[in-house]
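Reader: I have a few labels I'd like you to defend. Can we go through them one by one?

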Amino acid sequence: MNVIGLEEVSKIYRNGRTALTALDKVNLRIEAGEFTCIAGPSGSGKSTLLHLAGILDTPTSGTISLLDRPCAGFSRTEAALFRRHHLGFVFQTFNLVPVLTAVENIEYALMLHELSGSERQKRVTEVLEEVGLADWRNHRAADLSGGQQQRVAIARAIVGRPPLILADEPTGSLDSATGAGIIDLLRAINQRQGTTFLFSSHDVRVIERADRVIRLVDGGIAP
């Protein structure tokens, strides 16, 4: 299955008469089960590409398809529903609710799914065990270490069982040892569940763990 398809995708940000080309006619295909890294320095367009692939933003030109479905013409509601049921997101800054516990942060991602309370609790317990935080389930996010918070964020991303997870610099705010553990965790989920991962990084140690590396330079894919 063609999980992500970008054809001649460009993104231009305008501020008055000033125009910044973040992506320039990018063509990209990601197949089911891939573990792919978008590499490049800051400002190369990595985050922009991920935001477009996650339909968090729209391209200036070109077409995007996800799971073999064209995204052109999605209303805001349709895009939100698609993300809810088919995509998972992991961010560099975790984006957890500090005052909620690990369980509450993860279960929050399931509240809009048509699941019973017992099914939600079952899934949350399963993913907490999968990310190695079963003993920390009732700790508030604010009381967890950076690595633990990112594991909660990963659990939140996978609890809805999406076929695609997008991760923007998932180890960017972590030390090297903790970051390596996070990438190992993502890789294990990819291999065990067949989940497709597209993640960005400028860290050589992270890039080396990917099956496929797409290098961005000045908004374009390097040959």
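Author: Sure, and let's start with the cavity lining: β6 contributes the most to the lining of the largest cavity, with three residues. Keep in mind that this is a predicted model.

Reader: Which residues line the largest cavity?

Author: The lining is made of L50, H51, L56, F89, V90, F91, L166 and D168. Two or more residues come from each of α1 (46-53), β6 and β7. The volume of this largest cavity is about 40 Å³, and the search of the whole structure finds one cavity of 30 Å³ or more.

Reader: What makes β7 mostly covered?

Author: Five of the five residues in β7 (164-168) are buried. L164, L166 and D168 point one way, I165 and A167 point the other way, and all are buried. That fits the usual pattern: side chains in a regular strand alternate between the two faces of the sheet.

Reader: How do you know that β6 and β7 pair, and in which sense?

Author: Pairing takes at least two bridges, and β6 (residues 87-91) and β7 have five, in the parallel sense. On the β7 side, L166 is the bridge partner of F89.

Reader: And what joins β7 to β8?

Author: Five bridges again, with β7 and β8 (residues 196-201) running parallel. Here D168 has S200 in β8 as its bridge partner.

Reader: Which elements make the right-handed β-α-β unit?

Author: That unit is β7, then helix α6 (residues 176-193), then β8.

Reader: Why is I154 called buried?

Author: The cut-off for buried is under 20% relative accessible area; I154 has 0%, so the label applies. I154 sits in helix α5 (residues 146-158). Leaving out residues up to four places away in sequence, I154 touches V90, V131, I182, L185, L186 and I189. Take I182 from that list: I154 and I182 are 28 residues apart in sequence and 8.9 Å apart in space, C-alpha to C-alpha.

Reader: What about C71, buried or exposed?

Author: Buried, because its relative accessibility is 9% and the limit is under 20%. C37 earns the label too, because its relative accessible area is 0%.

Reader: How many disulfides are there, then?

Author: Zero. To count, a pair of cysteine sulfur atoms has to be within 2.5 Å, and by that rule the total is zero disulfides.

Key:
Residues are numbered from 1 along each chain as its sequence is written. This is a predicted model: local features need pLDDT of at least 70, side-chain atom pairs count only at pLDDT 80 or more; totals for chains, interfaces and linings use all residues. Side-chain values use heavy atoms; hydrogens and water are left out. Buried means under 20% relative accessible area, exposed over 50%, partly exposed in between (1.4 Å probe, protein chains only). Helices (H or I, at least four residues) and strands (E, at least two) are DSSP runs, numbered from the N terminus. A crossover is right-handed if, with the strands pointing away from the viewer, the path from the first strand over the helix to the second runs clockwise. Contact means heavy atoms within 4.5 Å. On a 1 Å grid over the protein atoms alone, a cavity is a set of points where a 1.4 Å probe fits but cannot get out, and a pocket is an open set with protein on both sides within 12 Å along at least five of seven lines; lining residues have an atom within 4 Å of a point. Grid points are joined across faces, edges and corners, and a volume is the space filled by probe spheres set on the points.
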